[in-house]
Amino acid sequence: MNFEFINFELANNLVICVHVNPDGDAIGSALALKHYLERKGKQATIIVPNIFPDFLKWLPGADSILVYTNNKHKEQAKTAIGQADLVIVCDLNQPNRLGYMEEDIMQSKAPRILIDHHLDPDTNFCGVIMSHPEMCATGEVICHLLSEQGELDSISQDEATCLYTAMMCDTGAFSFNSNRPVIYEYISHLLARGIDKDQIYRNVFWTASEGRLRLLGYLLYVNMKVLHERRTTIITLTNEERRRFKVKNGDTEGIVNIPLTVLGMRLSIFINEDTEHPGIMKLSLRSVGDFPCDQMALRFFGGGGHKNASGGKLQCTMPEAVEKVKAAIDSYADMLK
Ligand code: 5GP
Ligand code: MN
């Protein structure tokens, strides 16, 4: 394992970057690495392609994150990339997942390290690949690396908080993709570093705005279509509705999982009009059991992901997107019976 690369004298000015529409695993993992590297005397700058949800802003160090699409951060981000002697790429498996910052990162002369848990990583865009698709989160990959280095018991409380948040977010608070016992061994080490896991849970999952609650009611009551014979639900959200409900960044997080609480449902698809690019429909897919969301996203929506959670995009109107999604669902009729 090549974690030494990060740990050692080779690099002093690091850039840590993550995927577009960063989630709790991306932000938690990046912040854990930043705290770790700074404790080792390095400089580390986190740059994310676009804004991240408000429910992650309490994380220690979150206010230092540079948002590439924020004009106030752009210069600083470009300078950091230009001066970097090592780039750590987190929680993604293909360079195009870097979104708006793909070109800058790929043109940087600094060597790149990938730390990730997605299937089938592109093996050409980073010199060192630490890919563990069997792990629940990039946060777990980092716990594993720290554990191998004998460092898991000397991390700071902030590092531990960020790592716990990363794993908690990618497993729905340890409710899916989280049966491997070693995850709980890591958690016991993190608890010993003084994290407050109950508070972390409340900060992330139990802090809805009034807007989110009303939007949730509307989406489930008015917009959700249930295709009973396909055991699938489709929820749509346009930018016009977003404005009407004063939807804030992060307010839609997790809503795609809710239809799967209906007994017998196998697949839930959320079609979200892109706030930054109206006319692009962003899809989120979630399944229970063996239904391969990643295959569907790859075949029909130019995306990918994991077996039970994937995403992709369509360039069309919302009604067209709904028709395309229905056609994709029909082509899996056998598996959705
Ligand atoms: P979410 O629904 O939370 O946006 O995405 C769920 C998972 O699907 C992500 O963790 C990521 O692995 C994958 N994913 C989402 N959007 C895309 C995409 O456009 N391309 C690819 N390759 N994967 C995606
Ligand atoms: Mn992840």
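Domain bounds here come from an automatic or database domain assignment. For the protein chain I noted domain 1 at 4–205 and domain 2 at 210–331.

Before going on: this is a predicted model, where local features need pLDDT of at least 70 and side-chain atom pairs count only at pLDDT 80 or more, while totals for chains, interfaces and linings use all residues. Residues are numbered from 1 along each chain as its sequence is written, and side-chain values use heavy atoms, with hydrogens and water left out.

I looked at how the two domains meet. Their C-alpha centres sit 26 Å apart. Counting contact as heavy atoms within 4.5 Å, I got twelve residues of domain 1 against nine of domain 2.

Next I took the buried area, i.e. the accessible area (1.4 Å probe) that two parts lose on being put together, summed over both. Between domain 1 and domain 2 it is about 950 Å², with 51% from carbon and sulfur atoms. Asp-54, Phe-55 and Tyr-100 give 34% of what domain 1 buries against domain 2, more than any other three residues.

Then I checked for salt bridges (a side-chain nitrogen of Lys or Arg within 4 Å of a carboxyl oxygen of Asp or Glu). The rule finds zero across this interface.

Last, I searched for cavities: sets of points on a 1 Å grid over the protein atoms alone where a 1.4 Å probe fits but cannot get out, with lining residues having an atom within 4 Å of a point. One cavity of 30 Å³ or more turned up. The largest cavity holds about 40 Å³, volume being the space filled by probe spheres set on the points. Its lining includes Ala-32, Leu-33, Tyr-36 and Glu-159.

Methods. Chains are lettered from A and ligands numbered from 1 in the order in which they are written. On a 1 Å grid over the protein atoms alone, a cavity is a set of points where a 1.4 Å probe fits but cannot get out, and a pocket is an open set with protein on both sides within 12 Å along at least five of seven lines; lining residues have an atom within 4 Å of a point.
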